Amino acid sequence: MALSSKAVSAPGKVLLAGGYLVLDREYTGLVFGLDARIHVHIQPLHTSSGVTLSEIIVRSPQFKYAIWEYGYRWTGPDGGMQVTHLRVSALQKLQTNPFVETALSYALSYISTVAGPAINPASITILADNDYYSHTATDKETSMDRFSSFGVPLSEAHKTGLGSSAALVTAFTAALLVHYLSEDQFSLSNDAGRSRLHNLAQAAHCAAQGKVGSGFDVASAVYGSCLYRRFSPSLLESHGEPGTSGFAAELKSLVEESDPSTKWDTEIVKSAVKVPNGLRLVMCDVDCGSKTPGMVKRLLAWRKDEPEEADRIWKQLQEKNEGLAAELVRLAETESHDCQQLRERITGIRALTREMSKCSGVPVEPESQTRLLDACSSVPGVVGGVAPGAGGFDAVALLIEDREEVISELSGLLERWNHDEQQGSEARVGRVRLLRVREDMEGVRAEDPAGYEGWLQ
Ligand SMILES: Nc1ncnc2c1ncn2[C@@H]1O[C@H](COP(=O)(O)OP(=O)(O)O)[C@@H](O)[C@H]1O
Ligand SMILES: C[C@@](O)(CCOP(=O)(O)OP(=O)(O)O)CC(=O)O
């Protein structure tokens with residue numbers, strides 16, 4: 001049967017509440033999917049000469065030199081599919097893309113256990129919505145297009161922290177599954193399909209990252225906005241590497257949960273997360289504001305050293321985080337517009353976060369973000385905001401009334417803020433930019449493969 005072109009997209013994320021806590025199964029995280037998506041298009045690879053190449057070519061045409069060619073070889077029913085990165089030309093330096101390469105070898109290995117080892121060549125195109133990267137001067141003229149050309153290599157692009165690798169691995173894995181498997185074998189529109197995609201993408205993302213995080217980013221890329229309780233890390237700690245003995249069977253069991261020891265205990269509660277009518281999320285990117293290295297390590301070290309203090313703060317924070325989710329749901333269900341409670345709950349979370357910052361010495365809500373969040377929160381129509389995820393200097397997330405006037409008031413404030421910051425004498429944060437993203441309740445979805453004209457080869 002001839003394989004057809006397919007396209008899939010998956011959302012970026014923001015962890016509004018539950019940073020660090022969500023690393024522990026005792027606690028949960030309130031995560032929103034964002035309407036900035038990563039799209040992956042896949043089509044059969046045709047060669048003009050009619051020669052069949054055993055290759056999968058991956059391109060990310062918004063970036064310079066972003067082309068990766070892979071050979072693949074079945075190592076037998078035991079080891080699965082081994083993927084080799086090929087050099088495009090003898091002159092070009094080999095630019096690796098560990099997330100693409102790992103997702104490819106995991107997905108092809110799993111596919112070979114379901115549909116057999118005959119894998120046809122394919123051409124894959126990755127396209128990211130514009131807000132994943134800060135725009136540079138060179139892309140001004142194309143900034144109105146659905147996808148921008150960033151004019152730089154991927155390694156030089158300035159990320160805005162929306163979780164590109166998790167959305168990428170999820171959309172990329174899903175595109176391979178829908179392309180190579182029949183509807184009966186895999187479908188994005190049923191629970192079994194989504195859960196297999198989740199398990200496979202978590203495994204590949206962790207392997208590519210070289211660490212087992214909480215997985216909230218992959219979970220929201222698959223399921224969209226939700227209250228998230230992580231899986232037990234031990235699930236991903238014992239399987240081998242692609243190509244090694246036993247890998248394919250271990251992966252199949254992990255993906256399909258066919259053995260009691262590979263049952264996933266992730267909890268996704270979609271009904272616990274809502275955004276009331278008339279409100280929306282917005283994100284601000286702070287330029288030059290980088291992540292402080294080792295924040296997670298340092299915060300967890302504090303928890304280990306000061307268990308009583310940490311437990312007290314974490315228990316209170318968990319209660320407040322649950323309270324925030326419950327208030328959002330209550331407002332949505334009663335269609336009330338009284339945001340006083342919501343405002344207070346956000347303020348309560350921030351106060352505890354600052355206490356955690358002080359006790360641990362880790363800048364989860366550093367002083368500069370306190371000033372920025374306070375200034376934003378004083379704009380009429382802004383309910384409140386937080387330093388999301390791990391916190392630090394690089395972003396803030398705000399809940400605001402969904403009106404154009406609030407956005408323009410906020411933009412005005414940020415313009416003045418950026419101006420004043422540059423005049424200031426103290427060490428200050430970088431430029432703050434309002435991103436054009438908002439919450440998106442939906443997770444991964446099939447897209448029309450005909451919608452990417454001009455970007456495919
Ligand atoms: N548009 C893209 N095309 C190809 N690879 C991408 C793209 N976006 C992200 N990636 C992959 O994800 C990596 C970035 O992941 P990471 O540094 O973990 O950032 P994030 O915090 O945004 O997930 C890149 O180095 C690349 O391997
Ligand atoms: C600390 C954390 O709980 C949350 C980190 O969230 P971020 O959104 O800050 O993460 P990045 O995608 O790495 O930018 C770690 C985790 O849950 O894995």
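This tour moves through a predicted model from one ligand to a pair of helices and then to a second ligand.

Before selecting anything, note that residues are numbered from 1 along each chain as its sequence is written, and that chains are lettered from A and ligands numbered from 1 in the order in which they are written. Because the model is predicted, local features need pLDDT of at least 70 and side-chain atom pairs count only at pLDDT 80 or more, while totals for chains, interfaces and linings use all residues, and side-chain values use heavy atoms, with hydrogens and water left out.

**Ligand 1**

Select ligand 1 and the 13 residues around it, of which S60, N97, K159, S164 and S165 come nearest; a residue counts as near if one of its heavy atoms lies within 4 Å. Next, show polar contacts, that is, pairs of N or O atoms within 3.5 Å. Oxygen atoms of ligand 1 lie 2.7 Å from a polar side-chain atom of K159 and 2.7 Å from one of S164, whereas a nitrogen atom of the ligand is 2.9 Å from an N or O atom in the side chain of Y133. Ligand 1 taken alone exposes 570 Å², and the protein buries 78% of that, by the Shrake-Rupley method with a 1.4 Å probe.

Now colour helix α2 (residues 164–180), which supplies three residues, the largest share of this shell; helices here are DSSP runs (H or I) of at least four residues, numbered from the N terminus. By class, the shell holds seven nonpolar, five polar and one charged residue, with Gly counted as polar and Tyr as nonpolar.

**Helices α3 and α5**

Move on to α3 (residues 191–209) and α5 (residues 247–256), which pack at an angle of about 130 degrees with axes 7 Å apart, the angles running from 0 to 180 degrees between N-to-C directions. The two helices are therefore oblique to each other, a label for angles that are not under 35, over 145 or from 65 to 115 degrees. On the α3 side, display R196, N199, L200 and A203, which meet L251, L254, V255 and E256 in α5, contact meaning heavy atoms within 4.5 Å.

**Ligand 2**

Finally, select ligand 2, which 13 residues surround, the closest being K13, Y20, S214, K291 and A390. One oxygen-atom distance, 2.7 Å, leads to an N or O atom in the side chain of K13, while polar backbone atoms of Y20 and A390 each lie 2.9 Å from an oxygen atom of ligand 2. The protein covers 76% of the 460 Å² of accessible area that ligand 2 has on its own.

Key. A polar contact is a pair of N or O atoms within 3.5 Å; within protein, one must be able to donate a hydrogen and the other to accept it, and residues adjacent in sequence count only if both atoms are side-chain atoms.
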